[in-house]
Amino acid sequence: MAVVMENDCGRGKEMAGFLIKNHLEQLQSIILSPDPRIHYPLHVDFAELMDENPPLAHLIFSQPTEYLPLFDESTIWAQKVIFEDYKQMENASVKAYVHVRINVCGSPLEYPETFPSIGRVRVKHRGILLTLKGTVIRSGAIKMIEGETIFECRVCKHRFKVYPEVETRNSVSRPTFCPSQSCESTRFQIVEDKKTCHDYQEIKIQESTQVLGVGAIPRSIPAILKDDLVDIVKAGDDVIVTGVLTAKWSSDMKDVRCDLEPVLIANYVRRMNEVKSDIDIPDNIIMQFKQFWSDFKDTPLKGRNAILRAICPQVFGLFTVKLAVALTLIGGVQHIDASGTKVRGESHLLLVGDPGTGKSQFLKFAAKLSNRSVITTGLGSTSAGLTVTAVKDGGEWVLEAGALVLADGGLCCIDEFDSMKEHDRATIHEAMEQQTISVAKAGLVTTLSTRTIVFGATNPKGQYDPDQPLSVNTTLSGPLLSRFDIVLVLLDTKNPQWDEVVSSHILSEAEQSKGSNDESLPDIWSLTMLRRYIHFVKGYFRPVLTKEAEKVISSYYQLQRRSATHNAARTTVRMLESLIRLAQAHARLMFRNEVTRLDAIAAILCIESSMTTSAIVDSVGNALHSNFTDNPDQEYAKQERLILDKLSCIDDFPDINTDER
């Protein structure tokens, strides 16, 4: 026993030495922090520990239950060593509650053996330092549990700590004998003033569906967070959790067999939302973007179309839809006025179309482009599945996030939008416009944020009738339709030339092995590059409307209001907000920080093609047959003149008149 104690003492001094040498700044900030009762984290890189002291790193990996508490104690020794220098400063004190958090990023522990997927966790992983990656699907309430209890022997007055056992749901079992060598007493008393309590939270993490094989169901595992780790993750976050795998008895419920369930006691939790693997944008990539736009300085729309061609390249043509997808994913700028009222920046898109017009292809591709996405179908999702559901967990009610909450800050794709039940559709109203979901279920009254882009696809009810308004053709209510910025109608009309072009495109795709590649498309716009571009322009640009753009948008809105007999549900104030959002998104797409007349007219063309009966452009035609033109800039000049003529504000822009003369 004495040899073990001595050995531990030696190890503890080694650990303290390592902390003083490599983490002096963290120790200083902990000593100078004012509150001694708070639990402080001290972050240690496992890779650094392996370089410095391989035997110690191996012990922490193979026996974490013994050596992690020892590492925590060594922080107190390390503080005492350097405390002499800070005695004079006010608030300086040695903190008792410091926890070493092991970050395995970049170390050999990221190997599959110690970093398995959740579905592959087995008994062999028990008792080692294990790292799991997944999505938080449930976060429980924060509770307080009793920590280590100090007992005193009534005979020899020896004091010793007894820790609660996770296996028995954190109960502290009374010791059976005195650990002191000479004493054999069995009578003890608890030292009351030495009790410690810990914050405690249980979360459930589920493996991400992207890494699963065919037909596999995602598995989940509960994880226990304590002290400074509580409340740093919420439902829907992607996390990497490092900890120790153990087991605990499942709750004793009537007629349910009591089993040992695996559970991960977390030592370190890292949120992955900020560190998305594909979206780290190096400086040379940003230079590439700038170079691309300087090449297309004189023909900006040609450059824009080169980017749009990379969206869903397997689908031929459909220029309008690709532009709409790009503008929806990029989105506008959120506006918050002085009173705190928010006007959302995210755009929503609805594709209405006959079967076989490529709607689901666009949905899947948009989900790949977004850094956070959830795909669901209308028939398979109830209102609870979309918003939030109350679940009874061990005798208490907790909220479990649905698709819209999980897609917060990303994209929610809903296929077969029309097959949703009527009362389920009503739950989307608030999520789409106010970007919150208010819940009052099982005594839990709360508001969750859903800053998400909704991308819907639906079939028309029977044969599409152009004479009827959109709400009749799709069986979607007016209030819901007005929330979509763009509603594109893709009709599969008979057009021999179009059918010939499309069939030759599909057949040439099948013959790719012969090396017939796309000749004019610049190779720079791969899927990863497109993701980076969208992510970059969303974060970097905050476009502001110019006077010209304001004039064009205002005139168009007033014209629409005057002629809104056919489709009144679409021409509300929301349409004006949609125009502003789409113009801002187009400015971002064009790599600019101000919204010009070009952006305003591009937004109008987008909205126009989403109107079945157009107020201005009679020659827009079917969105399905919209193709990429050879000279988009010349084409745009014609459309601009036509639109400004119809808006009767062409005289306000003398540069156009002089160009024409």
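**Figure 1. Met 272 sits in the loop between β11 (260-271) and α6 (283-295).** The view is taken from a predicted model. Met 272 is buried, with a relative accessible area of 12%. Which residues touch Met 272, once neighbours within four places in sequence are left aside? They are Lys 133, Asp 238, Val 239 and Ile 240. Ile 240 lies 32 residues from Met 272 along the chain. The C-alpha atoms of Met 272 and Ile 240 are nevertheless separated by 7.0 Å.

**Figure 2. The whole predicted protein comprises 21 helices and 24 strands.** Buried residues account for 48% of its 661 residues. The protein exposes about 32,700 Å². Carbon and sulfur atoms supply 52% of that area. Contacts between residues at least 6 apart in sequence show how the chain is joined up: 73% of them join residues at least 24 apart. The Met 272 loop of Figure 1 offers one pair of this kind, since Met 272 is in contact with Ile 240, and the two are 32 residues apart along the chain.

**Figure 3. Tyr 533 and Phe 591 form a stacked aromatic pair.** A search of the whole structure finds 12 aromatic pairs. For Tyr 533 and Phe 591, the ring centres are 6.0 Å apart and the planes are at 15°. Tyr 533 belongs to helix α16 (residues 527-540). Phe 591 belongs to the loop between α18 (573-589) and β24 (594-595). The pair therefore ties together parts that are 58 residues apart in sequence. Are these two residues buried or exposed? Tyr 533 is buried, and Phe 591 is buried as well.

**Figure 4. Tyr 540 and Phe 541 pair edge-to-face.** Their ring centres are 5.0 Å apart. Their planes meet at 85°, over the 60 degrees required, so the pair counts as edge-to-face. The two residues differ in exposure: Tyr 540 is partly exposed at 48% relative accessibility, whereas Phe 541 is buried at 5%. Which residues make up the aromatic cluster around these rings? Phe 289, Tyr 533, Phe 536, Tyr 540, Phe 541 and Phe 591 form one cluster. The stacked pair of Figure 3, Tyr 533 and Phe 591, thus belongs to one cluster with Tyr 540 and Phe 541.

**Figure 5. Strands β19 (residues 436-441) and β20 (residues 444-449) form an antiparallel hairpin.** The two strands pair over 6 bridges. One of the bridge partnerships links Ser 438 to Thr 447 in β20. How many residues stand between the strands? The hairpin has 2. Ala 442, in this hairpin, takes a positive phi near 50°.

**Figure 6. Glu 416 and Gln 435 take positive phi values.** Most residues other than glycine have a negative phi. Glu 416 has phi near 50°. Its place is the loop between β18 (411-415) and α12 (422-433). Gln 435 has phi near 60°. Gln 435 is found in the loop between α12 and β19. Which of the two settings is buried, and which is partly exposed? Glu 416 is partly exposed, with a relative accessible area of 34%. Gln 435 is buried, at 5% relative accessibility.

**Figure 7. Cys 105 and Cys 197 are both partly exposed.** Cys 105 has a relative accessibility of 35%. For Cys 197 the value is 41%. How many disulfides does the model contain? The count comes to 0.

**Figure 8. Confidence varies along the predicted chain.** The mean pLDDT of the protein is 79. Of its residues, 87% reach 70 or more. Which element has the highest mean pLDDT, and which the lowest? Strand β9 (residues 220-226) has the highest, at 90. Helix α21 (residues 654-660) has the lowest, at 54. Over residues 657-661 the pLDDT is below 50. Beyond near neighbours in sequence, the stretch 657-661 has 4 contacts in the model. Residues 515-522 also stay under 50. For residues 515-522 the model has 7 contacts beyond four places in sequence. Where pLDDT is low, the predicted coordinates should not be read in detail.

Methods. Residues are numbered from 1 along each chain as its sequence is written. This is a predicted model: local features need pLDDT of at least 70, side-chain atom pairs count only at pLDDT 80 or more; totals for chains, interfaces and linings use all residues. Side-chain values use heavy atoms; hydrogens and water are left out. Rings of Phe, Tyr and Trp (its six-membered ring) pair if their centres lie within 6.5 Å; planes under 30 degrees apart count as stacked, over 60 as edge-to-face and the rest as tilted. Helices (H or I, at least four residues) and strands (E, at least two) are DSSP runs, numbered from the N terminus. Buried means under 20% relative accessible area, exposed over 50%, partly exposed in between (1.4 Å probe, protein chains only). Contact means heavy atoms within 4.5 Å. Accessible areas come from the Shrake-Rupley method with a 1.4 Å probe; for residues, only the protein chains shown count as cover. pLDDT is the predictor's confidence in each residue, from 0 to 100. A disulfide is a pair of cysteine sulfur atoms within 2.5 Å. Two strands pair if DSSP finds at least two bridges between them.
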